[in-house]
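The following exercises concern cysteines and helix packing. Please work through each task before reading its solution.

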Amino acid sequence: MLALKNWDINLRSREKKTLRSFLLLYAFLTLLILAFVAFLYYGLERDLMLQNQRETLSNLTNEQITRLKALHINFEKEQTYPRDERFNSAIYDSSLKQIFSTLNTKKVNLYEDIYLKNNHIYFIKELESYYLGARYIVLEVPEPRVWDKKVFRKLLGYGALIFMVLVIIGYFLLNLLLRPMRDTIVLLDRFIKDTTHELNTPVNAILSNIEMIDTQTLDENLLKKIRRITIASKTISNLYDDLTYLILSHQILSQDVQVDLKTLIEERIEYFSLLFESKKIELSVNLEEGIFLTIDHKKMAKLIDNILSNAIKYNKIGGTIHISLTKHSIEIKDSGRGIEKSKINQVFERYSRFDRSVGGFGIGLNIVASIAKEYDLQVKIDSILGEGTTVRISW
Amino acid sequence: MVRITFFFIFLAISVFARTGVYQKNCIPCHEDMAVKIDKFFYRYLLKYSSEMEVKNAMSKYLKNPKAENSILVDGLINRFGVKKKTTLSDEQLQEALDTYWEQYKVFDKLK
C-alpha cells in the first residue's frame, strides 16, 4: 500500500508525460465543447433580442417610407433626405447601389433581414413601391444596452460550473485510467518486499558463518572459494539493502551526523575490495582530508555503494576506476561500457535497466537520486559509449 | 436692334441646346403634353428602381409602344393614347435615355 500512497512519486516521467498530455487534451476538448455550446447559446440570445426589436424597427421603417414617398412626389422642390434622431438610414436601388445613406458603416448585407454588427442593429426592408428608386431601406439603431453583458455573465457562470463538473469527472476518469498502472507498481513493490523478506535470513546466515571461518587455517584453493562465496553473498546483501531502502525509505528516519567522507569512502572501497580484485580493476584514489558533510551515515554509504557497485558491475575486466574527493564533490570515474546519451536522463528512473547482461533490478541510481534529493546534492552523469562513465556528486 | 440681338441669342441658345438626340427627339413632343417629362421618369423610377432596369423598360416601350406596357395609368392612356413607335436607332435611343437619366436621376441630388 506504500506504493499507493506515493504513486505520484513512483510514476515514471514518461507516464507523467502521458498523464499531462491526457489532461491537456481533456481540458482542451472540454473547453472546445463548452465554447461551442456558448457560441450557440449566444447566437440564440442574440436572435431573441433581435426578434424583440423587430416590431419597433418595422414601425420606424414604415415612418421613413412615408417620408420617402412625400419626398418622391415633391422631388423637384425638396431634395433633403429625411432624417430621424432615433435611427440612421440608407436606401439602395434594385442593383444594390446606394442612393443615399446616413449610416455609420459603408457595408450593409442587404440579403439579411435583421442583424447585429459593431454594436448596431441593422434592419432591412424591401419597399413595395420604389420611392426615389429605392428598393431596399436599411435602418441602423444602437443595440440595447447591457443585453450582452447579461448573456456573458450567465455564460461565464454556467460555463465555470460545467467546467468544474467536467474536471471532477475527468479526475475520476484519470483514476480509472491509472488503476492498471498503479496495480502493476503495487504488484512489483509487493513482490520485491516479499522477496526481500525471504532473502534476509539466508544471506545473514551465510555472511556471519563466513566471518566465523578462520581463514588462516585454510589452504589456498579453499580460500579462493570462500572469497567467491563472500563476494556473492555481499552482492546479495547489497541488493537486499537496496530493496529494503526502497521499500522502507519513507519510514526510515534520518539521523544526520558529521560524516568524514574520506574515512567513509575508504571504508566502502575496503568493502568492495574483493569485487575489485575479482574483476582485476585498477583503482586510483585521490581523497582530500578533513571533508565533512552533515548527512545520515547509512544513506551516504548507500549512495557511494550504489555508484561504486555500478562502476564495478559495468566495468570491463582489467578496467580502471578513479575516485576523487574534493571540497565540494565526489567523482567516480570508470572505464566501463558507458550509457547512450539519449538514455542518460532515464537512468534515475526506478526499474530502468539498459544492460541486461549483468544482474540487478534497476533501482540503484533511483536510490542515489532519492538520497541526493533529500540532502540537496547534485548528481551529474557524463558518459561516452564504450569509453566510460563519470558520476559526480556535488554540494 | 436690341430686340434683334436678343432674338438671335435666343435662337442660338435654342439651336445649341437642341443638338442632342434627347433634346431634338424627345423634348419637342413632351413639351406640349399635359404630363411633363419628369413625371414619366419618376413613374419609371417608382416601378423599376435601378438605372439599368429603368432604361431597359423605357427602351422596350419606345421600341414597341403598347397600352399594356405603358407606365401611365389607364385613364391617361385612354385620354392621350399610345405614342408612335420610335424611329431612332438603338444607339440614338440609348444616348437619349442616358441624357434623360442624367437629368433626372436621384443620385448625388439628395442632401
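**Exercise 1.** Determine whether B:Cys29 is buried or exposed in this predicted model.

*Solution.* The relative accessibility of B:Cys29 is 54%. Exposed means over 50%, so B:Cys29 counts as exposed.

**Exercise 2.** Classify B:Cys26 as buried or exposed.

*Solution.* The relative accessibility of B:Cys26 is 18%. The cut-off for buried is under 20%, and B:Cys26 therefore counts as buried.

**Exercise 3.** State how many disulfides a search of the whole structure finds, and explain why the sulfur of B:Cys29 has no bond to that of B:Cys26.

*Solution.* Over all chains, the search finds zero disulfides. B:Cys26 is in none, and its nearest cysteine sulfur belongs to B:Cys29, 8.6 Å away. A disulfide requires sulfur atoms within 2.5 Å. Because the sulfur of B:Cys29 lies 8.6 Å from its closest cysteine sulfur, in B:Cys26, the two are too far apart for a bond.

**Exercise 4.** Describe how helix α5 (residues 51–63) and helix α7 (residues 90–104) of chain B cross.

*Solution.* First, the axes of the two helices come within 10 Å and cross at roughly 130°. Next, α5(B) and α7(B) are therefore oblique to each other. Their crossing is right-handed. The residues that make the contact include B:Val54, B:Met58 and B:Leu62 of α5(B), and B:Leu93, B:Leu97 and B:Trp101 of α7(B). Finally, the contact residues comprise seven nonpolar, two polar and five charged.

Key
Residues are numbered from 1 along each chain as its sequence is written. Chains are lettered from A and ligands numbered from 1 in the order in which they are written. This is a predicted model: local features need pLDDT of at least 70, side-chain atom pairs count only at pLDDT 80 or more; totals for chains, interfaces and linings use all residues. Side-chain values use heavy atoms; hydrogens and water are left out. Buried means under 20% relative accessible area, exposed over 50%, partly exposed in between (1.4 Å probe, protein chains only). Axes are lines fitted to C-alpha atoms, for helices over the stretch in contact, and angles run from 0 to 180 degrees between N-to-C directions. Helices (H or I, at least four residues) and strands (E, at least two) are DSSP runs, numbered from the N terminus. Angles under 35 degrees count as roughly parallel, over 145 as roughly antiparallel, 65 to 115 as roughly perpendicular and the rest as oblique. A crossing is left-handed if the near helix is turned anticlockwise from the far one by less than a right angle, and right-handed if clockwise. Contact means heavy atoms within 4.5 Å. Ala, Val, Leu, Ile, Met, Phe, Trp, Tyr, Cys and Pro count as nonpolar, Asp, Glu, Lys and Arg as charged, and the others, Gly among them, as polar.
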